[in-house]
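This report describes the secondary structure and packing of a single model. The reader is invited to consult the sequence and the structure shown below while following the text.

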Amino acid sequence: MSVLVNLLSRGSNLASAHGFAAWLGRRLALRNPRVTIAPDAVISPGALISPRNGAIEIGSQSVISHGAIIAGNVRIGNDSSVQNYTLVVGYGAPDNPAGLVQIGNDVRIAAHCMLIAGNHRFSDTTKPICEQGIEPKPIVIGDDVWIGGNVNIIAGVTIGAGCVIGAGSVVTHDIAPMSVAVGSPARVIKKRGERIDSHGE
Ligand SMILES: CC(C)(COP(=O)(O)OP(=O)(O)OC[C@H]1O[C@@H](n2cnc3c(N)ncnc32)[C@H](O)[C@@H]1OP(=O)(O)O)[C@@H](O)C(=O)NCCC(=O)NCCS
């Protein structure tokens with residue numbers, strides 16, 4: 001299967017791809033009835049779109065690139081993109097937003113990011129962590145946000161509209177709209193259009 005996908009994808013820019021590869025990506029994603037994809041969204045055949053117990057919606061003109069994984073309860077708006085090898089995981093059922101990942105319109109998420117809307121529970125020291133279940137917490141990404149490469153967005157975080165998140169950041173707290181935030185943990189270094197200072201105080 002991966003050989004076939006490579007052959008079909010070779011030399012094509014998926015953001016502008018039409019034809020068989022784009023058709024195949026859509027068909028693979030839509031095998032599950034809880035996946036809804038706008039007719040003009042572009043899904044790489046090398047992406048994995050898997051709603052598990054939840055539901056996935058992908059809006060008009062959005063692009064999911066090769067190697068990206070969209071799993072569980074996830075809603076992606078219009079004209080947004082998820083680049084190569086980025087992992088977006090929501091928890092819960094379609095009618096339960098407790099572990100939903102909600103991505104707005106005009107959002108750009110670069111390669112190798114992680115947005116996972118739940119943490120392992122670990123309060124019980126008598127049991128292995130892997131037996132304590134997942135605590136779901138929603139992740140919300142507002143409209144017109146740019147998330148750089150290798151960013152990790154921790155469960156429960158809201159990133160406001162218009163934000164820029166620098167490459168390699170770990171976002172552990174909410175980020176107010178129109179902020180530029182960088183680092184681990186991510187700190188606001190400026191607001192778009194106005195300078196604060198270089199260390200976010
Ligand atoms: C955040 C970013 C957009 C730069 O924004 P900017 O407003 O031009 O910021 P500056 O370059 O003026 O940097 C401001 C300060 O933040 C620091 N900084 C910038 N990006 C940083 C990052 N990703 N992590 C940690 N610190 C960073 C700079 O070193 C500088 O610190 P200083 O004042 O102590 O020297 C850019 O650094 C970045 O991370 N781009 C993402 C690139 C990427 O992932 N592309 C993927 C393909 S889309």
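In helix α2, which spans residues 20–29, the buried residues are A21, A22, G25 and A29. Viewed along the axis of α2, these buried residues fall within an arc of 100 degrees, and they therefore line one face of the helix. An α-helix has 3.6 residues a turn, so residues three or four places apart point the same way. The face of α2 that is turned away from the buried side carries the exposed residues F20 and R27.

The model to which this helix belongs is a predicted one. Its protein chain contains two helices and 23 strands. Of the 201 residues in the protein chain, 38% are buried. Among contacts in the protein chain between residues at least 6 apart in sequence, 31% join residues at least 24 apart.

The strands are considered next. Strands of a sheet pair through backbone hydrogen bonds, either parallel or antiparallel. One open sheet is formed by six strands in the order β1-β4-β7-β10-β15-β18, with parallel pairing. At its edges stand β1 (35–37) and β18 (158–159); each has a single partner strand, so one side of each is left without a neighbour in the sheet.

Another open sheet of six strands follows the order β3-β6-β9-β12-β17-β20, and its pairing is parallel. Its edge strands are β3 (48–50) and β20 (170–171), each of which pairs on one side only.

Three strand pairs are set out in the table, two of them from the sheets just described and one from a hairpin.

| Strand pair | Sense | Bridges | Opposite residues |
|---|---|---|---|
| β1 and β4 (residues 56–58) | parallel | three bridges | V35 and I56 |
| β3 and β6 (residues 69–71) | parallel | three bridges | S50 and A71 |
| β21 (residues 179–182) and β22 (residues 187–191) | antiparallel | four bridges | S179 and K191 |

The pair of β21 and β22 merits a closer look. These strands run antiparallel and are joined by four bridges. They form a hairpin with four residues between the strands, and in this hairpin G183 takes a positive phi near 95 degrees. S179 in β21 stands opposite K191 in β22.

In summary, helix α2 has its buried residues along one face, two open sheets of six strands pair in the parallel sense, and β21 and β22 run antiparallel.

Terms used:
Residues are numbered from 1 along each chain as its sequence is written. This is a predicted model: local features need pLDDT of at least 70, side-chain atom pairs count only at pLDDT 80 or more; totals for chains, interfaces and linings use all residues. Two strands pair if DSSP finds at least two bridges between them. A residue is buried if 20 or more other C-beta atoms lie within 10 Å of its own, exposed if 12 or fewer, and partly exposed in between; C-beta atoms are placed from the backbone. The arc is that of the directions from the helix axis to the C-beta atoms. Two residues are in contact if their C-beta atoms, placed from the backbone, lie within 7 Å.
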